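Visitor: Before we look at the model, could you explain each label by setting the computed value against the cut-off behind it?
Guide: Gladly; here is the model.

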Amino acid sequence: MITAKRPDAVAREVERLARKGQTRFTISAIDHGGMLDQERLGAARYAAGLQSTVELEALTAAAAAAR
C-alpha cells in the first residue's frame with residue numbers, strides 16, 4: 001500500500017518497490033478518488049511501467065464488494 005501524498009513521492013516509492021521486483025501496487029485514496037488521487041495514480045503507473053498493475057484503494061475495495 002502506497003500512502004505518500006505527493007505524486008512525486010508516490011513515484012519514488014513505486015520505483016523503489018519495483019526495483020525489488022514488485023509488480024502490483026495499490027495506492028491509498030486520500031481525495032476520495034478526486035483529482036489528487038488521479039495525479040498520484042498516474043505518477044505510480046508511469047513509475048511502475050507497462051508490465052505492472054496499479055490500482056487506487058477505493059476502486060479496489062468497490063470491486064471486491066461487487067464480487
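Visitor: Why is Arg40 called buried or exposed in this predicted model?
Guide: In this predicted model, the relative accessibility of Arg40 is 0%, and since buried means under 20%, Arg40 counts as buried.

Visitor: And what makes Asp37 buried or exposed?
Guide: The reasoning runs on the value for Asp37, a relative accessible area of 0%, which is set against the limit of under 20%, so that Asp37 counts as buried.

Visitor: How do you know that Asp37 forms a salt bridge with Arg40?
Guide: The closest N and O atoms of Asp37 and Arg40 are 3.0 Å apart, and because a salt bridge asks for a side-chain nitrogen of Lys or Arg within 4 Å of a carboxyl oxygen of Asp or Glu, the pair qualifies. Asp37 and Arg40 are three residues apart in helix 2, and therefore separated by about one helical turn.

Visitor: What else does Asp37 reach with its side chain, and which residues are in contact with Asp37?
Guide: The side chain of Asp37 comes to 3.0 Å from the backbone nitrogen of Ile30. Once neighbours within four places in sequence are left aside, Asp37 is in contact with Ser28, Ala29, Ile30, Asp31, His32 and Leu56.

Visitor: His32 is on that list; how do you know whether His32 is buried or exposed?
Guide: His32, found in the loop between strand 1 and helix 2, has a relative accessibility of 81%, and because exposed means over 50%, His32 counts as exposed. The phi of His32 is near 55°, which is a positive value in a residue other than glycine.

Visitor: How many salt bridges does the structure hold, and what makes the pair of Asp8 and Arg6 one of them?
Guide: The structure holds five salt bridges. For Asp8 and Arg6 the closest N and O atoms are 2.7 Å apart, and because the cut-off is 4 Å, the pair is called a salt bridge. Salt bridges that share partners also join Arg6, Asp8 and Arg12 into one network.

Visitor: Why is Arg6 given one accessibility label and Asp8 another?
Guide: Arg6 stands at 53% relative accessibility and counts as exposed, because the label asks for over 50%. Asp8, with a relative accessible area of 32%, is partly exposed, because that label covers what lies between 20% and 50%.

Visitor: What makes Glu55 and Arg24 a salt bridge, and why does the pair tie together parts of the chain?
Guide: The N to O distance between the side chains of Glu55 and Arg24 is 3.6 Å, and because this is set against a limit of 4 Å, the two side chains meet in a salt bridge. Glu55 lies in strand 2 and Arg24 in strand 1, so the pair ties together parts that are 31 residues apart in sequence. Glu55 itself is partly exposed, with a relative accessible area of 25%.

Visitor: How do you know that strand 1 and strand 2 pair, and in which sense?
Guide: Strand 1 and strand 2 share four bridges in the parallel sense, and because at least two bridges are needed, they count as paired. One of the contacts in this pairing sets Arg24 against its bridge partner in strand 2, Thr53. From strand 1 the chain crosses through helix 2 to strand 2, and this β-α-β crossover is right-handed.

Visitor: Which side chains point to which face along the two strands?
Guide: In strand 1, Phe25 and Ile27 point to one face and are buried, whereas Arg24 and Thr26 point to the other and are not. In strand 2, Val54 and Leu56 point to one face and are buried, whereas Thr53 and Glu55 point to the other and are not.

Visitor: What makes up the largest nonpolar core?
Guide: The largest nonpolar core has 15 residues, and those with the most contacts inside it include Ile2, Val10, Val14, Phe25, Ile27, Ala44 and Val54. Helix 1, strand 1, helix 2 and strand 2 each supply at least two residues of this core, and the largest share, five residues, comes from helix 2. With neighbours within four places in sequence left aside, Val14 is in contact with Ile2, Phe25, Ala44, Ala47 and Ala48.

Note on methods
Residues are numbered from 1 along each chain as its sequence is written. This is a predicted model: local features need pLDDT of at least 70, side-chain atom pairs count only at pLDDT 80 or more; totals for chains, interfaces and linings use all residues. Side-chain values use heavy atoms; hydrogens and water are left out. A nonpolar core is a set of buried Ala, Val, Leu, Ile, Met, Phe, Trp, Tyr and Cys residues joined through side-chain atoms within 4.5 Å. Buried means under 20% relative accessible area, exposed over 50%, partly exposed in between (1.4 Å probe, protein chains only). Contact means heavy atoms within 4.5 Å. A polar contact is a pair of N or O atoms within 3.5 Å; within protein, one must be able to donate a hydrogen and the other to accept it, and residues adjacent in sequence count only if both atoms are side-chain atoms. A crossover is right-handed if, with the strands pointing away from the viewer, the path from the first strand over the helix to the second runs clockwise.
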